[in-house]
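Me: I am new to this structure and should like to understand the terms used to describe it. Please set each term against its definition.

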Amino acid sequence: MLKINGITTRYGTVEILRDVSLKINEGEIVALLGANGAGKTTILNTIIGLIRPIHGNIYLENKRIDKMKTSEIIKAGISMVMENRGIFPDLNILENLRIGSLYEKDEKSINKTLKEVYDLFPILKERENQLAGTLSGGEQGMLAIGRGMMGKPKIMLLDEPSLGLAPMLVDEVFEAIKRINNEGTTILLVEQNAVKALKIASRGYVLQKGQIVIEGSIKELKENEVIKKAYLTI
Amino acid sequence: MNNPNIKSNDYSQTLYKKISYFLTIIVTEVIIFYMFINFLSSEGIDYRLFLLILPIIAFFILRGNQKITNLVKESYSQCNSFSTIFMILLIVSIPFLFKDNTYLLHICIMSGLYLIMALGLNIQLGSTGMVNFAFAAFFGVGAYTSALLTVNFHFSFWLGILAAIIISALFGLLIGSLTLKSTGFYYALITMAFQIIFHLLVNNLKFTGGSGGISNIPFPIIGKYSFSSSLNIFGINLPFQANFYYLVLIIVLFSLYLVKRLYNSRTGLVWNAIREDEIAAKCQGINIAQGKLEASAIGAIFGGMAGSIYAHYISFISPESFSFDLSVVLICIVILGGLDNILGVILGAILLTIIPEKIRFFAEARMLFYGIIIIAVLIFKPQGLIPEKIRKYNFLNFKKDNI
């Protein structure tokens, strides 16, 4: 579904990504692991066109997207849940969710998606009219994921959804991600919490200093000595 | 269930409820209107100012009473259109009350013009978060376009106002496209520069009449009826200002309808998203440049419209009317009333045009007064006088039965 072929990205003269290739098939959850500063977020930003690659190309369902505007890439079926969550603090939950499905014309389908979001995160329905800035960190994370669902994306990019959450909430969020995937949305999950990420993912990549160093199925990754040492031990 | 007695009982109960709603609306609106009239017509320290204080005290006492506040809230939410129509009827009657006092009518017209401009600025400052200090320039572009066309080329007022709208929208697009990449302080600084450039230009260019301005701008004419003649309704002679009063009233109502529609539309939501977080908005697929340009152009249209009417009403314009001060006053109105809140902007525009007229002995220090207001609002009530916002979606209708 999403194919990234050998992209190289620079901030000024500093090379962040070097010849990175990823492939995400339909219906998968793919985990992208890596230490701080490895370039995980840069990959996501490159996919949605906030940063332009110098080399390489990106295809979404055989359509080249790396030259398109961000707004068009999003409309083509990608939704992004940002690392800092990127909610709109002075708007209420419902308005935040509505912005997620801004370009959907059919109201019935918006209602249906909204209902799905509320089923997944009942707390959002309870606080529907509350300003998003007054929510707790966990609720903001749920709102960000819910807003990502509202656009009915083909593929959802999640940037560290477990960041700053209590262990209980992390489980809840990962459970929700799995359910979203079960309903047919492909997911690219960027995580530092490798234990949790490898539990729900079907394949994984490990990024180190801007390069993919390991890729494979979950089983292979779990048995890999480097990963065991760097990510899975406490 | 089929007992007719219960049915008629139900019916009489809803009727009783409806009447109580109507009565509440009529009583509250007449009180507010009466306060407003007294406030407007008081001279210095006057017994009428004390009439103003009484309802305010009553408001604070009754606010604790759950039953009354509920009744008021319910009646306004249930009979929304009735309350609007009744208020409009009261406002329509103002020229009849002030038919001997054209000065008060003049204040009303000016506060209407300020309101139109503030609604336009609210789109930029309140909804989109663009701190635009060049709004007086939009006002000026409208006024000069219309004045130059009617004086030099003998256009009619109606063509003039149309041209003013188009030219000011283009001017808004120009400023908008030049400032696309800048936000926050930088945007404010650039617009300040534009405002000062505009003021210097109209002050020094030949065809705008320099500092002398343009005089003898013709009054609007409909058919053979000129706006300079006194208005005669039901045998009552109203001063010529009444013509402009009703013209401004119609445009104010039209503008209010328009901004309300915009606020509840997808465009309004896009503007809010841009204000909150540009990068997050971009990640939701919003075209930032388009949203900002729309806000810039639509806001400018309101400024241009007000400018054109102003030029033909005063029939004389000079650069001094479009200086930096006016921009500051408009920003003050929007901040006082409540950013991105239409009701707040109405309140702010009325208060900040009438109060300075009431304290004329203070006239030299007018800008000081506005400065104090801004500081006080930002410290004590940063959300403005009316912080509450209600956004209506069509897709919320399902809420009760579907979820």
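**Strand β3 of chain A and its surroundings**

Reply: In this predicted model, strand β3 (residues 29-34) of chain A is mostly covered, with six of its six residues buried.

Me: What makes both faces of β3(A) covered?

Reply: A residue is called buried if 20 or more other C-beta atoms lie within 10 Å of its own. On one side of β3(A), Ile29(A), Ala31(A) and Leu33(A) are buried, and on the other side Val30(A), Leu32(A) and Gly34(A) are buried. Both faces are therefore described as covered.

Me: How do you know that β3(A) and β8(A) pair, and in which sense?

Reply: Two strands pair if at least two bridges are found between them. β3(A) and strand β8 (residues 186-191) of chain A are joined over five bridges, so they count as paired, in the parallel sense. Within this pairing, Val30(A) stands opposite Leu188(A) in β8(A).

Me: What makes β9(A) a partner of β3(A)?

Reply: The requirement is again at least two bridges. β3(A) and strand β9 (residues 203-208) of chain A have five bridges in the parallel sense, so the requirement is met. In β9(A), Arg203(A) stands opposite Val30(A), and Gly204(A) is the bridge partner of Ala31(A).

Me: Which strands make up the open sheet, and in what order?

Reply: The sheet has six strands of chain A, in the order β6-β7-β8-β3-β9-β10, and its pairing is mixed. Neighbouring strands are turned against each other by 15 degrees on average, direction ignored.

Me: Why are β6 and β10 of chain A said to stand at the edges?

Reply: β6 (78-81) and β10 (211-217) of chain A each have a single partner strand, so one side of each is left without a neighbour in the sheet.

Me: Where does helix α1 of chain A lie?

Reply: Helix α1 (residues 40-47) of chain A lies across β3, β6, β7 (155-159), β8 and β9 of chain A. The helix runs at about 145 degrees to β7(A).

**Chain A as a whole**

Me: Why is chain A called as compact as a globular protein of its length?

Reply: Chain A has ten helices and ten strands. Its radius of gyration is 17 Å, close to the 17 Å that the globule rule gives for 234 residues, so the chain is as compact as a globular protein of that length. The C-alpha atoms of chain A fill a box of roughly 45 × 40 × 30 Å along the principal axes, and buried residues make up 48% of the 234 residues. Among contacts between residues at least 6 apart in sequence, 66% join residues at least 24 apart.

**Chain B**

Me: How many residues of chain A are in contact with chain B, and which helix of chain A gives the most?

Reply: 25 residues of chain A are in contact with 22 residues of chain B. On the side of chain A that touches chain B, α2 (70-75), α3 (93-100) and α4 (107-120) of chain A each supply at least two residues. α4(A) gives the most, with five residues. By class, this side has 13 nonpolar, six polar and six charged residues.

Me: Is Phe302(B) buried or exposed, and how do you know?

Reply: Phe302(B) is found in helix α13 (residues 288-314) of chain B. Phe302(B) has 30 other C-beta atoms within 10 Å, whereas the definition asks for 20 or more, so Phe302(B) is buried. Leaving aside residues up to four places away in sequence, Phe302(B) touches Ile116(B), Met117(B), Leu119(B), Gly120(B) and Ser255(B).

Key. Residues numbered from 1 in each chain as written. Chains lettered and ligands numbered in written order. Predicted model: local features only at pLDDT ≥ 70, side-chain atom pairs only at ≥ 80, totals over all residues. Contact = placed C-beta atoms within 7 Å. Helix = DSSP H or I, 4+ residues; strand = E, 2+ residues; numbered from the N terminus. Nonpolar A, V, L, I, M, F, W, Y, C, P; charged D, E, K, R; others polar. Buried ≥ 20, exposed ≤ 12 C-beta atoms within 10 Å, placed from the backbone. Rg over C-alpha atoms; globule rule 2.2 N^0.38 Å. Axes fitted to C-alpha atoms, helices over the stretch in contact; angles between N-to-C directions.
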